[in-house]
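The following exercises ask the reader to work from contacts to cores, ring pairs and charged pairs. Please keep the sequence and the model in view while working through each solution.

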Amino acid sequence: SACGRLLRFMAPGDYRRLQTRMRMTLPWILPKEVRRAIVLDYDIIPLGDLARLWAVFDEFSPQAAVGMALETQPTYAGSMHGHPGLNSGVQLLDLERMRADAYR
């Protein structure tokens, strides 16, 4: 299963990664009628209209299925072997593309 494949890459007790990776199972959990999703961490407080964020889907390249910002918090930035990390607190998921892609 997709969930099983994701869990194989995780260190035991790594809840933060588990939470992030479990979101990647949404294409198979949500009904096929749900084509896109914005996923927010529980501590995110939107200060503006989420329709502006939704409009970013229109800027995705034809191959893009997931949108995340680069990490700017020094605690997490650079934690990916010298590369800037990704902030998973706000994710734009094109569920339709994720379902169709070899991502499975």
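**Exercise 1.** Find which residues A37 touches, leaving out those up to four places away in sequence, and place A37 in its nonpolar surroundings.

*Solution.* Taking contact to mean heavy atoms within 4.5 Å, and not counting residues up to four places away in sequence, A37 touches W54, F57, Q91, L92, L93 and L95. The model is predicted, so local features need pLDDT of at least 70 and side-chain atom pairs count only at pLDDT 80 or more, whereas totals for chains, interfaces and linings use all residues. Residues are numbered from 1 along each chain as its sequence is written, and side-chain values use heavy atoms, with hydrogens and water left out.

The next step is the core: A37 belongs to the largest nonpolar core, whose eight residues are M24, L26, A37, V39, A65, L93, L95 and M98. Such a core is a set of buried Ala, Val, Leu, Ile, Met, Phe, Trp, Tyr and Cys residues joined through side-chain atoms within 4.5 Å, where buried means under 20% relative accessible area, exposed over 50%, and partly exposed in between (1.4 Å probe, protein chains only). At least two residues of this core come from each of β1 (36–40) and α5 (95–100); helices (H or I, at least four residues) and strands (E, at least two) are DSSP runs, numbered from the N terminus.

**Exercise 2.** Describe how the rings of W54, F57 and F60 are arranged in their aromatic cluster.

*Solution.* Rings of Phe, Tyr and Trp (its six-membered ring) pair if their centres lie within 6.5 Å, with planes under 30 degrees apart counted as stacked, over 60 as edge-to-face and the rest as tilted. By this rule there are two aromatic pairs. In one of them, W54 and F57 have ring centres 4.9 Å apart and planes at 70°, so the pair is edge-to-face. F57 also pairs with F60, and here the arrangement is tilted, at 5.3 Å centre to centre and 55° between the planes. W54, F57 and F60 thus form one aromatic cluster, in which W54 is partly exposed at 38% relative accessibility, while F57 and F60 are both buried.

**Exercise 3.** Trace which parts of the chain are tied together by the salt bridges of R23 and R36.

*Solution.* A salt bridge is a side-chain nitrogen of Lys or Arg within 4 Å of a carboxyl oxygen of Asp or Glu, and the structure holds five. For R23 the partner is D41, with the closest N and O atoms 2.3 Å apart. Because R23 lies in helix α2 (residues 15–23) and D41 in the loop between β1 and α4 (50–54), this pair ties together parts 18 residues apart in sequence.

Turning to R36, its side chain meets that of D58 at 3.9 Å, N to O. D58 lies in the loop between α4 and β2 and R36 in strand β1, so parts 22 residues apart in sequence are tied together. R36 also forms a salt bridge with D94, the closest N and O atoms being 3.7 Å apart, and this pair links D94 in strand β3 (residues 86–94) to R36 in strand β1, 58 residues apart.

The accessibilities complete the solution: D58 is exposed at 61%, R36 is partly exposed at 22%, and D94 is buried at 5%. R36, D58, D94 and R97 are linked in a network of salt bridges.
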